[in-house]
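Trainee: I would like a close look at a single part of this model, the surface where protein and DNA meet. Please take it strand by strand, and then place it in the wider assembly.

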2 protein chains.
Amino acid sequence: MMQSKINQFVQDCKDKGLNVTFQRMAIYKRLLNRLDHPTAEDLYQEVIKEYPMISRATVYKNLETLFEHNLIAKVTHLHDAARYDGKQEHHHHLVCVRCKAIFDIQSERLDNLQLPNEIDPTFKVYDYRIQFDGLCQKCQS
Amino acid sequence: MMQSKINQFVQDCKDKGLNVTFQRMAIYKRLLNRLDHPTAEDLYQEVIKEYPMISRATVYKNLETLFEHNLIAKVTHLHDAARYDGKQEHHHHLVCVRCKAIFDIQSERLDNLQLPNEIDPTFKVYDYRIQFDGLCQKCQS
DNA sequence: TTGGATGCAAATACTTTGCACACGG
DNA sequence: CCGTGTGCAAAGTATTTGCATCCAA
């Protein structure tokens, strides 16, 4: 199963014109092994244990490259800076993944979702928010 | 309408033992005026136009304080660093707002939500993700 | 009066960049 | 061989912190 993902990855890289380097493989394999959602620094710390000669910049650059080519995902597109909101009403967000603009959506239907029973009962959910990712009109060109 | 929010804010501060300072009012008022979701730096740049003597640290500290007391909201709890994910399957996230741990949820029902028609049709949505905010077992104490 | 708030500057955390060199295809 | 990738160090951006002083209640 792991092996098939690796093979797929190598093929995907080739298809997208990305060189299959030693470093790239090491980073990707580490990311696959992690079930949480590590930061670039986390992964750097992992990889460096095995390959002490790797550069931090290589890890950062690779993660961004792989993300841009849709080979891995980013949990949030809004990590660059904290964003604050004075609005008290419950609402959801439309996020332009290119320019990072955020638009509000109010929708009674979306506010009343039934929580899925897949959620671990020991986790206390007190709210939820839906983030729609896409492109605003300006960024569609 | 604006005035009533200000009055409410003053009352809330008193209730929570927060001093009502000149700086705090200026920051909060600016945030209320903005319909987008500004960063601390954005707000600092706004406030400083009117009150050139205010300190950047005061703006940052106030936003965090107000957030901790639930007087304003933060669009994301995961802004500290980019988080990557090797998993290809579509899924949603359970986020512990205290320790920032992220747990995955897979749910067919949640994957097939009907998009609300409140969404501006010029915005191209290509995906959505639900983030459930709460506290993990460890952080509930 | 007193605990919380402010201001400043320094420190820290995360990330990007420029450039010379190395390497995969 | 060519274009992409790597490594290093420096720079950039976002944020926090320590501490002396100040001020709202």
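**The DNA-facing surface**

Mentor: Sugar or phosphate accounts for 75% of the atoms of DNA strand C that lie within 4 Å of the protein, and bases make up the rest. Keep in mind that this is a predicted model.

Around DNA strand C there are 22 residues, and those that come nearest are B:T21, B:R24, B:T58, B:N62 and B:A82. Three elements each give at least two residues to this surface: α4 of chain A, and α2 (22-33) and α4 of chain B. By class, the residues near DNA strand C are nine nonpolar, eight polar and five charged.

Several polar contacts can be listed for DNA strand C. The side chain of B:R24, one of the nearest residues, places an N or O atom 2.6 Å from a phosphate oxygen. B:S55 uses its backbone instead of its side chain, with a polar backbone atom 3.2 Å from a phosphate oxygen of the strand. For B:Q23, an N or O atom of the side chain is 2.9 Å from a sugar or linking oxygen of DNA strand C.

Now take DNA strand D. It is surrounded by 22 residues, of which A:T21, A:R24, A:T58, A:N62 and A:A82 are the closest. Of the atoms of DNA strand D that come within 4 Å of the protein, 79% belong to sugar and phosphate. Two of the closest residues make contacts to phosphate: a polar side-chain atom of A:T21 lies 2.7 Å from a phosphate oxygen of DNA strand D, and an N or O atom in the side chain of A:R24 is likewise 2.7 Å from a phosphate oxygen of that strand. A base is reached from chain B, where the side chain of B:K61 has an N or O atom 3.1 Å from a base oxygen of DNA strand D. The elements giving two or more residues to the surface near this strand are α2 and α4 of chain A together with α4 of chain B. The surface near DNA strand D holds nine nonpolar, eight polar and five charged residues.

The relation between the two protein chains comes next. Chain B is superposed on chain A by a rotation of 179 degrees with 0.0 Å of shift along the axis, at an RMSD of 0.2 Å. That is the relation of a two-fold axis. Within chain B, the C-alpha of B:H79 is the one nearest the axis, at 1.8 Å. Both copies use the same surface, since 100% of the contact residues of chain B recur in chain A.

The element α4, which contributes to the surfaces near DNA strand C and DNA strand D, also has a part in the largest pocket. That pocket encloses about 1300 Å³ of space. Of its 50 lining residues, A:V75, A:T76, A:Q131, B:T76 and B:Q131 are the closest to the centre. From each of chains A and B, α4 (56-68), β1 (73-74) and β5 (124-135) supply at least two residues of the lining. The lining divides into 16 nonpolar, 16 polar and 18 charged residues.

The second largest pocket has about 200 Å³ of space. Its lining consists of 12 residues, with A:K5, A:L32, A:R34, A:L35 and B:K87 nearest the centre. Here the elements that give two or more residues are α1 (2-15) and α2 (22-33) of chain A.

Conventions
Residues are numbered from 1 along each chain as its sequence is written. Chains are lettered from A and ligands numbered from 1 in the order in which they are written. This is a predicted model: local features need pLDDT of at least 70, side-chain atom pairs count only at pLDDT 80 or more; totals for chains, interfaces and linings use all residues. Side-chain values use heavy atoms; hydrogens and water are left out. Copies are superposed by least squares on the C-alpha atoms of residues with pLDDT of at least 70 in both. Contact means heavy atoms within 4.5 Å. On a 1 Å grid over the protein atoms alone, a cavity is a set of points where a 1.4 Å probe fits but cannot get out, and a pocket is an open set with protein on both sides within 12 Å along at least five of seven lines; lining residues have an atom within 4 Å of a point. Grid points are joined across faces, edges and corners, and a volume is the space filled by probe spheres set on the points. Helices (H or I, at least four residues) and strands (E, at least two) are DSSP runs, numbered from the N terminus. Ala, Val, Leu, Ile, Met, Phe, Trp, Tyr, Cys and Pro count as nonpolar, Asp, Glu, Lys and Arg as charged, and the others, Gly among them, as polar. A residue is near a molecule or strand if one of its heavy atoms lies within 4 Å of it. A polar contact is a pair of N or O atoms within 3.5 Å; within protein, one must be able to donate a hydrogen and the other to accept it, and residues adjacent in sequence count only if both atoms are side-chain atoms.
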